[in-house]
Amino acid sequence: MKQCLVVDDSRVIRKVARRILEDMEFKCTEAEDGAQALTQCRADMPDAILLDWNMPVMNGIDFLRALRLESGGDQPIVVFCTTENDMGHITEALRAGANEYIMKPFDSDIINAKFAEVGLV
Amino acid sequence: MQQDNFEYLANLLMKKSGHVLTPEKGYLLDSRLGPIARKEGVNSVEELVRAMRTRNDEQLNWAVTEAMTTNETFFFRDRTPFDLFKAEVIPHLVENRRPGVKAKIWCAAASAGQEPYSLAMVLREERTMLRGMQMDILASDISDKIIDKAKAGIYSQFEVQRGLPVQLMVKYFEKEGDMWKIDPSLRQNIKFRVFNLLESYLSVGNFDVVFCRNVLIYFNKETKRDILNRMAQKMAPDGFLFLGAAETVLGLTDEFEPVAGKRGLYRRKQRVDVAKVA
């Protein structure tokens, strides 16, 4: 079973995403911000990360840059999932090493399609 | 809906578009025809059909037919056909067509343009493989509204997220307000046209590849057979046909045969020339 870390400061979004991902047979863990996510990744690197952009403490893009420098941090497939929907943010995310990008609002079709795109399903 | 009204509607659809309306599809009526009913100032779809029966207004009949036939789609739908197009079709055509001859593709149910644009993106991405070969795409659909949308090449955030890898989105789309507009240069080799598959194919030209996906499912057996047989006449002897995942030629026509192990891909059947053999 593949493991997906859901990083979002909204409990509701984490819950919705978790439900969709569990239906897709992922084992889910959650983090409320980038710093928490980084700690979790150091302990146990997930296969996939669904990542919000705007969060307190450490935002998504800073987390991603830090993750990619960690040992084994090049492994997880990172899918941004954010309300930021302009070309500037999207290209910045790709340059920082994001594999896919979801613009909120999302639904299970979009998550499924994007995860299929990067070979996770 | 009353039986006689339902039958009237089913007959109209069959005559205009060849589409089969079965009672199980009844759930579509409200969502598809509700907006037209409101526009016509009647209270329900039932009343709309009653009005159609008394008025027999060609424009209204067509609007209803169109609303019942437009179907959702997305970029790189089902993925496999596009992978097969890249792995099987392009190499075959590059190998077997004379230099300078354009290959021709027909997207016979192009809907809002996602299929032809997906092909155009593949062709652009794989241009070194093409060795200078050009491919023209005819993108046709029964609905003029949907063809207008396809021509405009403007999609919602929802539409650009279904099936389109983000790298291609960044490369080939530009954001305009809340919408995403496709790179106009991708349209250069695409001709958009309103076309009903029940019409004569005399004017459509000849093709090396036909994409006819997720449209045959709406027709009855005779119509399917007729469309496939007439398409075959417009295709090169070594032409390729793509059908939707739930569609097949088996039991319908001998003009095509499935390509073993390549789901959804069919070839013109190679005919043994009896005279030569004898």
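Student: How many residues of chain A are in contact with chain B?

Tutor: Here 14 residues of chain A are in contact with 8 residues of chain B. Two residues are in contact if their C-beta atoms, placed from the backbone, lie within 7 Å. This is a predicted model: local features need pLDDT of at least 70, side-chain atom pairs count only at pLDDT 80 or more, and totals for chains, interfaces and linings use all residues. Residues are numbered from 1 along each chain as its sequence is written, while chains are lettered from A and ligands numbered from 1 in the order in which they are written.

Student: Which elements of chain A give two or more residues to the side that touches chain B?

Tutor: They are α4 (87–95), β5 and α5 of chain A. Helices (H or I, at least four residues) and strands (E, at least two) are DSSP runs, numbered from the N terminus. The residues on that side of chain A divide into 8 nonpolar, 2 polar and 4 charged. Ala, Val, Leu, Ile, Met, Phe, Trp, Tyr, Cys and Pro count as nonpolar; Asp, Glu, Lys and Arg count as charged; the others, Gly among them, count as polar.

Student: Which residues of α5(A) are buried?

Tutor: First the cut-offs. A residue is buried if 20 or more other C-beta atoms lie within 10 Å of its own, exposed if 12 or fewer, and partly exposed in between; C-beta atoms are placed from the backbone. In α5(A), residues 108–117, the buried ones are I110(A), I111(A), A113(A), K114(A), F115(A) and E117(A). Their cover includes α1 (11–23), β4 (77–82) and β5 (100–103) of chain A, together with α9 (157–161) of chain B. After α5(A) comes G119(A), with a positive phi near 75 degrees.

Student: What about α1(A)? How do I read the faces of a helix?

Tutor: Start with the general idea. An α-helix has 3.6 residues a turn, so residues three or four places apart point the same way. Now the case here. A17(A), I20(A) and L21(A) are buried in α1(A). Seen down the axis of α1(A), these buried residues fall within an arc of 95 degrees, so they line one face of the helix. The arc is that of the directions from the helix axis to the C-beta atoms. On the other side of α1(A), the exposed residues are R11(A), V12(A), R19(A), E22(A) and D23(A).

Student: What covers the buried residues of α1(A)?

Tutor: The cover includes β1 (2–7), β2 (26–31), β3 (48–51) and α5 of chain A. Just after α1(A), E25(A) has a positive phi of about 70 degrees.

Student: How do I read strand pairing?

Tutor: Strands of a sheet pair through backbone hydrogen bonds, either parallel or antiparallel. Two strands pair if DSSP finds at least two bridges between them. Take β4(A): β3(A) and β4(A) pair in the parallel sense over 4 bridges. A48(A) has I77(A) as its bridge partner in β4(A). The chain crosses from β3(A) to β4(A) through helix α3 (residues 60–69) of chain A, and this β-α-β crossover is right-handed. A crossover is right-handed if, with the strands pointing away from the viewer, the path from the first strand over the helix to the second runs clockwise.

Student: Which strand do 4 bridges join to β4(A) in chain A, besides β3(A)?

Tutor: That is β5(A), which runs parallel to β4(A). V79(A) has E100(A) as its bridge partner in β5(A). β4(A), α4(A) and β5(A) also make a right-handed β-α-β unit. In β4(A), 5 of the 6 residues are buried, so this strand is largely enclosed by the rest of the structure.

Student: How many residues of β7(B) are buried?

Tutor: 6 of its 6 residues are buried in β7(B), residues 207–212. β7(B) runs parallel to β1(B), residues 103–107, and 3 bridges join them. There, I105(B) stands opposite V209(B). β7(B) and β8(B) pair in the parallel sense over 5 bridges, with V209(B) opposite F240(B). Helix α11(B), residues 221–233, joins β7(B) and β8(B) in a right-handed β-α-β unit.

Student: Where is antiparallel pairing?

Tutor: Look at the open sheet of 3 strands in chain B, in the order β3-β5-β4. Its edge strands are β3 (154–155) and β4 (173–176) of chain B, and each pairs on one side only. β3(B) and β5(B), residues 179–182, pair over 2 bridges. Y155(B) stands opposite W180(B) in β5(B).

Student: Last one: is L250(B) buried or exposed?

Tutor: L250(B) is exposed, because its count is 10 other C-beta atoms within 10 Å. L250(B) lies in the loop between β8 (235–243) and β9 (256–258) of chain B.
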